[in-house]
Amino acid sequence: MDGTQQVKICPKCGSVYINWIAGGLIGAVYKCDDCNYVGPFILEVRARDLEKFRKELKKTSSEPDDATKVD
Ligand SMILES: [Zn+2]
């Protein structure tokens, strides 16, 4: 892997454990093993951008809620 290779990842969680489960006339359908996303859309990113992309996903899905913390 040289960092420019494209890897298929889940658009919801960024997992690379994407399985192609159906295809043909209706188009491809993929399933994510990690979050059970099923759909025709997946993302393809360069291998070297994978970690960056996952960090972005984490940032948006688990924001620190310090601002709303009440002691
Ligand atoms: Zn997923």
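User: If helices of at least four residues and strands of at least two are taken as DSSP runs, numbered from the N terminus, in which strand does arginine 46 lie?

Analyst: The model is a predicted one, and the strands carry numbers that follow the chain from the N terminus. The run of residues 43-46 includes arginine 46. The strand asked for is therefore, by that numbering, the one called E5.

User: Is arginine 46 exposed, partly exposed or buried?

Analyst: Around arginine 46 there are 14 other C-beta atoms within 10 Å. A residue needs 20 or more to be buried and 12 or fewer to be exposed, with the remaining class in between. Because 14 falls between those two limits, arginine 46 is partly exposed.

User: Which residues is arginine 46 in contact with, leaving aside its neighbours within four places in sequence?

Analyst: One partner, threonine 4, is 42 residues apart from arginine 46 in sequence, yet 5.2 Å apart in space, C-alpha to C-alpha. With neighbours within four places in sequence left aside, the contacts of arginine 46 are Gly3, Thr4 and Gln6.

User: How do the elements of the chain run from the N terminus on?

Analyst: The secondary structure of the chain comes to 1 helix and 5 strands. The helix, H1, covers residues 50-61, and strand E5 covers residues 43-46. Read from the N terminus on, the elements run β-β-β-β-β-α.

User: Where in the chain is confidence highest?

Analyst: For the chain the mean pLDDT is 85, and 83% of its residues reach 70 or more. Confidence is lowest in helix H1, where the mean is 84, whereas a mean of 95 marks the highest, which belongs to E3.

User: Which strands are the edge strands of the open sheet?

Analyst: The open sheet has 3 strands with antiparallel pairing, and their order is E2-E3-E4. An edge strand here is one that pairs on one side only. The strands that do this are E2 and E4.

User: Over how many bridges do E2 and E3 pair?

Analyst: Strands of a sheet pair through backbone hydrogen bonds, either parallel or antiparallel. Within the pairing of E2 with E3, isoleucine 18 stands opposite cysteine 32 in E3. E2 and E3 pair in the antiparallel sense, and the number of bridges is 4.

User: Which residue takes a positive phi in the hairpin of E2 and E3?

Analyst: The hairpin has 6 residues between its strands, and isoleucine 26 is found in this loop between E2 and E3. The positive phi, near 115°, is taken in this hairpin by glycine 24.

User: Is isoleucine 26 exposed or buried?

Analyst: Isoleucine 26 lies 14 residues from proline 40 along the chain, and the two C-alpha atoms are separated by 9.4 Å. Inside 10 Å, isoleucine 26 has 8 C-beta neighbours. Because the limit is 12 or fewer, isoleucine 26 counts as exposed.

User: How many of the 5 residues of E2 are buried?

Analyst: Tryptophan 20 has its place in strand E2, residues 18-22, and is exposed, with 11 other C-beta atoms within 10 Å. Strand E2 lies largely in the open, because the number of its residues that are buried is 0.

User: Which residues is tryptophan 20 in contact with, leaving aside its neighbours within four places in sequence?

Analyst: Tryptophan 20 and lysine 31 are 11 residues apart in sequence, and their C-alpha atoms are 6.4 Å apart in space. Beyond its neighbours within four places in sequence, tryptophan 20 is in contact with Ala28 and Tyr30.

User: What is the phi of asparagine 36 near?

Analyst: Asparagine 36 is found in the loop between strand E3 (29-32) and strand E4 (38-39), and counts as exposed with 10 C-beta neighbours inside 10 Å. Most residues other than glycine have a negative phi. The phi of asparagine 36 is nonetheless positive, near 65°.

Note on methods:
Residues are numbered from 1 along each chain as its sequence is written. This is a predicted model: local features need pLDDT of at least 70, side-chain atom pairs count only at pLDDT 80 or more; totals for chains, interfaces and linings use all residues. Two residues are in contact if their C-beta atoms, placed from the backbone, lie within 7 Å. pLDDT is the predictor's confidence in each residue, from 0 to 100. Two strands pair if DSSP finds at least two bridges between them.
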